[in-house]
Amino acid sequence: MGTFSCKIRGMNKSHIVLGITGGIAAYKAAELLRLLTKQGISVQVAMTEAACHFITPTTLQGLSGKPVYTDQWDARIPNNMAHINLSREASAIVVAPASADFIAKLAHGLADDLLSNLCLARNCLLLIAPAMNREMWQNPATQRNIAQLIADGVQVLGPESGMQACGEEGIGRMLEPEQLAEYITASFQPKLLSGQKILITAGPTYETIDAVRGITNRSSGKMGYAIARAALEMGADVTLVSGPTALSAPVGAQKIDVQSAAQMYEAVMHNVARSDIFIAVAAVADYRIALPSEHKIKKSSSNLTLELIPNPDILAQVASLPNPPFCVGFAAESENLAEYAEQKRRAKKLPLLVGNIAQQAIGSDDNELILFDDDGIHPLPRADKLTLARHLMQHIAQRHQGAL
Ligand code: C5P
């Protein structure tokens, strides 16, 4: 289950054409290409002549492992139909950066070089990442062209505001390669969760001891945030109830920030009635301080005893509601994973429980999961958390469908 290519039901192709046009942001296309190939997407690069002034085809050939095409008369294509052949295997053409001139050509259906021919002859999705000086972007002609492209079904990614290569500041910067890679991989995901409302808890909780101290844990929130992103990619409407983390919420999620388990409980209960699926990923503190102090507790030489009282088990309470959503729990165990996880699944009456080894999971970018449900055990081998989240959401979508 190495890359997510081919393995994800509903995603038949993981090949794209990356078109590069002439602009200073062309150097960032190399990083975009690297990020896409890292995700298991095969990339065929096609460049305009102007792009070759900014970055060489050799660089992109080295990164993609494929010859780069720049010329519509390239003799390497046996039937001389590069404009047809190169796009037929692709699920998308991504033009990044897309210059003002290239956008104008696309809007008018012009085809005077290989890349514009490819775009005109495509039978797949077209995504463009505009990059240009702010005045060029704001020019009514460019805005007319962009409006036309959107009306034609082209997906326009960005641009964003910031410092420009020319020294001016304003809108026109190409989105960063990481953001573009996120959008592109998202557009590949099968929309198995369209219309589903998913409530997710993530991160640690923070239980106040006094004005400056508290009890928390080492959960980074990465797994829960990756699950939120994977669910969004698959078309779900996502509410993310998050304890304190250093992460930014995936674009499109409705995020509710909480600190304590009690606040997390309130936020979940407030949103659960409208949820189809509840995924409890948060590392909720099992106990809180019975009487938190409003002021900083002063140091003394005698022992200090803090009384801890149990927090509500959010997941168990949701699962025992009269008409519960499809509930998914997580269990991080340091030993006897299979035994403890199955016990926990039965005790909390969950259709699905996701087990992992605590020492491997906490804070790291990679993980390994084992899914426990009525059909038995389904291991998801070691991978980055987003890849695992996509596989998990596939499994949840199938199980939830089956449970309806
Ligand atoms: O019982 P344990 O804490 O190991 O169960 C873990 C699962 O229960 C996780 O899905 C976690 O998010 C959820 N949980 C919860 N509320 C608690 C404790 C755990 O929702 N107070």
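Analyst: A polar contact is a pair of N or O atoms within 3.5 Å; within protein, one must be able to donate a hydrogen and the other to accept it, and residues adjacent in sequence count only if both atoms are side-chain atoms. This is a predicted model, in which local features need pLDDT of at least 70 and side-chain atom pairs count only at pLDDT 80 or more, while totals for chains, interfaces and linings use all residues. Residues are numbered from 1 along each chain as its sequence is written, and side-chain values use heavy atoms, with hydrogens and water left out.

User: What makes the approach of the ligand to proline 312 a polar contact?

Analyst: A polar backbone atom of proline 312 stands 2.8 Å from a nitrogen atom of the ligand. That value lies within 3.5 Å, so the pair meets the definition. For leucine 315, the distance from a backbone N or O atom to an oxygen atom of the ligand is 2.9 Å. Phenylalanine 330 places a polar backbone atom 2.8 Å from an oxygen atom of the ligand. The protein buries 86% of the 440 Å² that the ligand exposes when taken alone; this accessible area comes from the Shrake-Rupley method with a 1.4 Å probe, and for residues only the protein chains shown count as cover.

User: Which residues come nearest to the ligand, and which elements supply at least two residues of the shell?

Analyst: Around the ligand there are 13 residues, of which Ala280, Ala282, Pro312, Phe330 and Lys344 come nearest; a residue is near if one of its heavy atoms lies within 4 Å. At least two shell residues come from each of helix 11 (314-319), strand 16 (326-333) and helix 12 (337-348). These elements are DSSP runs numbered from the N terminus: helices are H or I with at least four residues, strands are E with at least two.

User: How is the shell around the ligand divided by class?

Analyst: The shell holds 8 nonpolar, 1 polar and 4 charged residues. Here Ala, Val, Leu, Ile, Met, Phe, Trp, Tyr, Cys and Pro count as nonpolar, Asp, Glu, Lys and Arg as charged, and the others, Gly among them, as polar.

User: Why is aspartate 210 called buried, and what does its side chain reach?

Analyst: Buried means under 20% relative accessible area, exposed over 50%, and partly exposed in between (1.4 Å probe, protein chains only). Aspartate 210 has a relative accessibility of 2%, and therefore counts as buried. The loop between strand 9 (207-208) and strand 10 (214-215) contains aspartate 210. Its side chain reaches the backbone nitrogen of isoleucine 297 at 2.8 Å. A polar atom of the side chain of aspartate 210 is also 2.8 Å from the backbone nitrogen of valine 212.

User: Why are leucine 353 and alanine 98 called buried?

Analyst: Leucine 353 has a relative accessible area of 1%, so it is buried. Strand 17 (residues 352-357) is the place of leucine 353. Between leucine 353 and glutamine 343 there are 10 Å in space, C-alpha to C-alpha, at 10 residues apart in sequence. Alanine 98 is buried because its relative accessible area is 0%. Alanine 98 belongs to strand 3, and its C-alpha lies 14 Å from that of isoleucine 150, 52 residues apart in sequence.

User: Why is leucine 125 placed in the class between buried and exposed?

Analyst: At 29%, leucine 125 is neither under 20% nor over 50%, and so counts as partly exposed. Leucine 125 is in strand 4 (residues 125-130). Its C-alpha is 8.9 Å from that of alanine 90, with their positions 35 residues apart in sequence.

User: What is unusual in the phi of asparagine 336 and of lysine 349, and are these residues buried or exposed?

Analyst: Asparagine 336 is not a glycine, yet its phi is positive, about 45 degrees. The loop between strand 16 and helix 12 holds asparagine 336, which is partly exposed because its relative accessible area is 41%. Lysine 349, likewise not a glycine, has a positive phi of about 55 degrees. Lysine 349 is in the loop between helix 12 and strand 17; with a relative accessible area of 65%, it is therefore exposed.

User: How do you know that the bond joining alanine 96 and proline 97 is cis?

Analyst: Omega is about 0 degrees for this peptide bond. Proline 97 is located in strand 3. The bond from glycine 158 to proline 159 is also cis, with omega near 0 degrees. Proline 159 lies in the loop between strand 5 (155-156) and strand 6 (160-163).

User: How many residues does the protein chain have, and what share of them is buried?

Analyst: The protein chain has 404 residues, of which 49% are buried. Its secondary structure comprises 14 helices and 19 strands.
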